[in-house]
Amino acid sequence: MTDHVQPDLFGEFDRAQEQAERDQQPATCPACGTIEPNAYLLSNNHGYDAARSEGPGGFPHGHHPIYRDECTAQRLVTNHIIYATRRNNVDQLARDKQRGRELGLDVEAIEADARQEMHEKNKRTTRQH
């Protein structure tokens with residue numbers, strides 16, 4: 001006597017269709033609150049997989065060893081602010097700080113930290129000569 005199992009002919013298709021519909025719905029980044037038009041853009045621009053509730057690198061939100069509770073967009077803009085501060089590029093710094101504010105970053109603190117780091121590095125370099 002053999003057991004016959006009726007194959008699920010449409011289940012996989014139904015799940016794929018449900019996922020496709022979810023992917024077309026607006027999705028909100030849990031880190032910065034930005035609403036993207038769909039899950040693909042959320043994943044691409046912020047590093048979050050809405051279907052699995054995973055953040056950058058597959059880590060749960062807030063547990064990434066480098067990003068912590070930031071999304072990739074916030075991390076990228078943070079690095080842009082630091083770079084513009086180090087290069088004293090006023091125009092780029094203004095643009096990046098505006099974007100940082102839109103993403104909920106404390107842009108003044110990021111800039112102050114970058115300036116403090118530069119000051120300390122310059123002091124060390126001056127002492128060595």
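Glu-117 and Arg-86 form a salt bridge in this predicted model, with their closest N and O atoms 2.4 Å apart. Glu-117 lies in helix α5 (residues 107–128) and Arg-86 in helix α3 (residues 72–87), so the pair ties together parts of the chain that are 31 residues apart in sequence. Glu-117 counts as partly exposed at 43% relative accessibility, and Arg-86 is likewise partly exposed, with a relative accessible area of 41%. Across the whole structure, a search finds 7 salt bridges.

**Salt bridges between α4 and α5, and their network**

- Lys-97 forms a salt bridge with Glu-111, the closest N and O atoms being 2.7 Å apart; this pair links distant parts of the chain, since Lys-97 belongs to helix α4 (residues 90–102) and Glu-111 to helix α5, at a separation of 14 residues.
- Both partners of this pair are buried: Lys-97 has a relative accessibility of 11%, and Glu-111 has a relative accessible area of 11%, where the cut-off for a buried residue is under 20%.
- Arg-101 forms a salt bridge with Glu-108, with 3.0 Å between the closest N and O atoms; here Arg-101 is partly exposed at 42% relative accessibility, and Glu-108 is also partly exposed, with a relative accessible area of 42%.
- These four residues do not stand as isolated pairs, for Lys-97, Arg-101, Glu-108 and Glu-111 are linked, together with Arg-115, in a network of salt bridges.

**Glu-36, a buried acidic residue without a salt bridge**

- Side chains of opposite charge can pair when their charged atoms come close.
- Glu-36, which is found in strand β2 (residues 35–36), is buried yet has no salt bridge, and the nearest side chain of opposite charge, that of Arg-99, is 5.8 Å away; a salt bridge would require a side-chain nitrogen of Lys or Arg within 4 Å of a carboxyl oxygen.
- The side chain of Glu-36 does, however, make a polar contact of 2.9 Å with the side chain of His-46.
- When residues up to four places away in sequence are not counted, Glu-36 touches Pro-26, Ala-27, Leu-41, Leu-42, Asn-45 and His-46, so that His-46 appears both as a polar partner and among the residues touched.

**Geometry and burial of helix α3**

- Helix α3 has 16 residues, which at 1.5 Å a residue should span 22 Å, and the distance of 22 Å between its end C-alpha atoms agrees with that expectation.
- The buried residues of α3 are Ala-73, Gln-74, Val-77, Thr-78, Ile-81, Ala-84 and Thr-85; they cover an arc of only 135° around the axis, which puts them on the same side of α3.
- Arg-86, the α3 partner of Glu-117, is not in that buried list, in keeping with its partly exposed state at 41% relative accessible area.
- Just after α3, Asn-88 takes a positive phi of about 55°.

**Overall make-up of the chain**

- The protein chain contains 5 helices and 2 strands, and from the N terminus on its elements run α-β-β-α-α-α-α.
- Of the 129 residues in the protein chain, 26% are buried.
- Among contacts between residues at least 6 apart in sequence, 32% join residues that are at least 24 apart.

Conventions. Residues are numbered from 1 along each chain as its sequence is written. This is a predicted model: local features need pLDDT of at least 70, side-chain atom pairs count only at pLDDT 80 or more; totals for chains, interfaces and linings use all residues. Side-chain values use heavy atoms; hydrogens and water are left out. Helices (H or I, at least four residues) and strands (E, at least two) are DSSP runs, numbered from the N terminus. Buried means under 20% relative accessible area, exposed over 50%, partly exposed in between (1.4 Å probe, protein chains only). Lys and Arg count as positive and Asp and Glu as negative; His and the chain ends are not counted. A polar contact is a pair of N or O atoms within 3.5 Å; within protein, one must be able to donate a hydrogen and the other to accept it, and residues adjacent in sequence count only if both atoms are side-chain atoms. Contact means heavy atoms within 4.5 Å. The expected span of a helix is 1.5 Å times one less than its number of residues. The arc is that of the directions from the helix axis to the C-beta atoms.
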